[in-house]
Amino acid sequence: MSSARSNPINTAAMHGALIIYTLIALFPVFVILINSFKTRKKIFREPLALPDADSFSLVGYQTVMKQGDFFLYFQNSFIVTVGSLTLILLFGAMAAFALSEYRFRGNMLMGLYLALGIMIPIRIGTVAILEMMVSTGLVNTLWALILVYTAQGLPLAVFILSEFMRQVSDDLKNAGRIDGLSEFTIFFKLVLPLVRPALATVAVFNMIPIWNDLWFPLILAPAEETKTLTLGSQVFIGQFVTDWNAVLSALSMAILPVLILYVIFSRQLIRGITSGAVK
Amino acid sequence: MTALTLTNVNKSFGNVHVLKDINIEVNEGEFVVFVGPSGCGKSTLLRTIAGLEDVTSGEVCIAGNVVNQTPPSKRGIAMVFQSYALYPHLNVRGNMSLALKQAKESKETIEERVAEASRMLSLGDYLDRFPSELSGGQRQRVAIGRAIVRHPKLFLFDEPLSNLDAALRMNTRLEIANLHEQLGATMVYVTHDQTEAMTLADKIVVLRDGRVEQIGSPMELYNNPANQFVAGFLGSPAMNFLPAALLEDGNPNTLGVRPEDLMLDDAGPLQITSKHVEHLGGDTNVIADCNGHQITVRLFGQHAIRSGQSLQLRIAEGKSYLFDPDGARLS
Ligand SMILES: Nc1ncnc2c1ncn2[C@@H]1O[C@H](COP(=O)(O)OP(=O)(O)OP(=O)(O)O)[C@@H](O)[C@H]1O
Ligand SMILES: [Mg+2]
């Protein structure tokens, strides 16, 4: 392994592959970004050209700012994403701890039941969910989205986290018990920090689909004051005319917060890996 | 006074019966070592004493009180784990003082006890370091320090030395022996290393398959093992077992002889062919074949024996043991 790493040809090949992959992955983002700063004509005539003095225009951003309450949509998306992630991580980790740490009757069954949700897409139950939200009066509230996304994210979270928690040293938890720590303290202070990489993984996995989702916002919370960013951007896409300037600008701005969240979580991921040290 | 009494302790995990009718009594100030092969239930026994596992039936008494229902932190015990199990988010001082903080001890007491423990274990320079910044030996000392500061009635050690290298293991072993002397505390120590057991223990408990095979002082067990298992487990190199029929026709029993009780003697009754010779300087170990059975002979001093050489042996007077086919001791 070390010889493979130090061999310059291998290193070059490895970096080459990674760079190509990065370019491919970033290309659409790059195209969206540059075109959001161009006039409509130029977008269609030369979609790959960089904006220059002639083609530069902020008209898309101006439209987005004027039309609809873009900052509110932004805020809604943010609240829904962060709220759902918080609940997924909190409840997922708690359930995972119970399943991996305590021996009780039906432990296995409970684990299987919780994992079942991974295989059954939640959208199948959309009608039932809508009926439920109507009867509880949660339609057109952000809570409707947060609850649905939490339910959607929990199965995988429990599955991944319980696997990781099984690997946390029993001795460490037992040392805590002998020193008089409560189960809650053991969970929050000893176990959670050690599974931080897994938490970050779960967060990243769940964050993107929630942020980008159109389905549930459209069905459960289409009201003006609860629109999410993705839903809000749809006003620019018409059946006959699409305001590409506005769509591209809205998308460019939507990328930013996800990027920031991602950077935060991946930091955690790296720190978690390098700071364990039980033995 | 007895520091620890186990009465008919049984422990099952589901259908797996791990501990079977354990009865042990430990006196105040004693150093007791549980030994046995891997998987025999030593750790499980220690964890039931600590209260980390509930007993299925039976009674655990610490310092005269039945503690079956008492949580681990209230049992007056401290435990040192094989994997050190230091809290990664706390520095050495924090690791040592956590239990006292949980018990709501005053600041002065905590400081005093941490200072005392770090002096005993020479950890003074490391108090502000985090576990990830310490070597294996230092981590194990911190783990021991964390136990000392609690002033427990009972120390529990679960193979505390098995992650250390040979030289460090020997030093730490001496350190633990010193601690026992200084503190005069009762200690229960689990190991599968019979050298540790012999050197540290006042009393050894030999376990096999969740059962107590024999309890006694190291020399009692060495000189007077109750059965073939105990005889073979203690002592290094291990005792030789040969069919008694080699010496006496038709005898169905097994003869046990320690390697050091075999003597070179041209008129001896046992004929062996040496297969491998270990020259240790002070001793010479001859691993040899005796009618298809492997036996080890430990000769004092240096001997020029080649492999493949034929030798005659005799057994030192009164130094042989006889076990019946089930392993029970006959004489
Ligand atoms: N939680 C558990 N569930 C089921 N079986 C268990 C559990 N913990 C231990 N056992 C079983 O109990 C037996 C004794 O285990 P224990 O850890 O006490 O062995 P040990 O003597 O400490 O061995 P070692 O020297 O390898 O540490 C083993 O056969 C093990 O498989
Ligand atoms: Mg063990």
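Visitor: Is Met119(A) buried or exposed?
Guide: In this predicted model, local features need pLDDT of at least 70, side-chain atom pairs count only at pLDDT 80 or more, and totals for chains, interfaces and linings use all residues. Residues are numbered from 1 along each chain as its sequence is written, and side-chain values use heavy atoms, without hydrogens or water. Met119(A) belongs to helix H6 (residues 107-119) of chain A, helices being DSSP runs (H or I) of at least four residues and strands (E) of at least two, numbered from the N terminus. Buried means under 20% relative accessible area, exposed over 50% and partly exposed in between, with a 1.4 Å probe and protein chains only; because its relative accessible area is 62%, Met119(A) is exposed.

Visitor: How many residues of H4(B) are buried?
Guide: Helix H4 of chain B covers residues 136-148. Its buried residues include Gly137(B), Val142(B) and Ile148(B). The helix is largely enclosed by the rest of the structure, because the buried residues number 12 of the 13.

Visitor: Which helix of chain A is included in what covers the buried residues of H4(B)?
Guide: Contact here means heavy atoms within 4.5 Å. The cover includes helix H2 (92-102) and helix H5 (166-183) of chain B, together with, from chain A, helix H9 (170-178).

Visitor: Which helix gives the largest share of the largest nonpolar core?
Guide: A nonpolar core is a set of buried Ala, Val, Leu, Ile, Met, Phe, Trp, Tyr and Cys residues joined through side-chain atoms within 4.5 Å. The largest one has 87 residues. Its largest share, 10 residues, comes from chain A, in helix H8 (residues 142-166).

How values were computed: Chains are lettered from A and ligands numbered from 1 in the order in which they are written. The expected span of a helix is 1.5 Å times one less than its number of residues.
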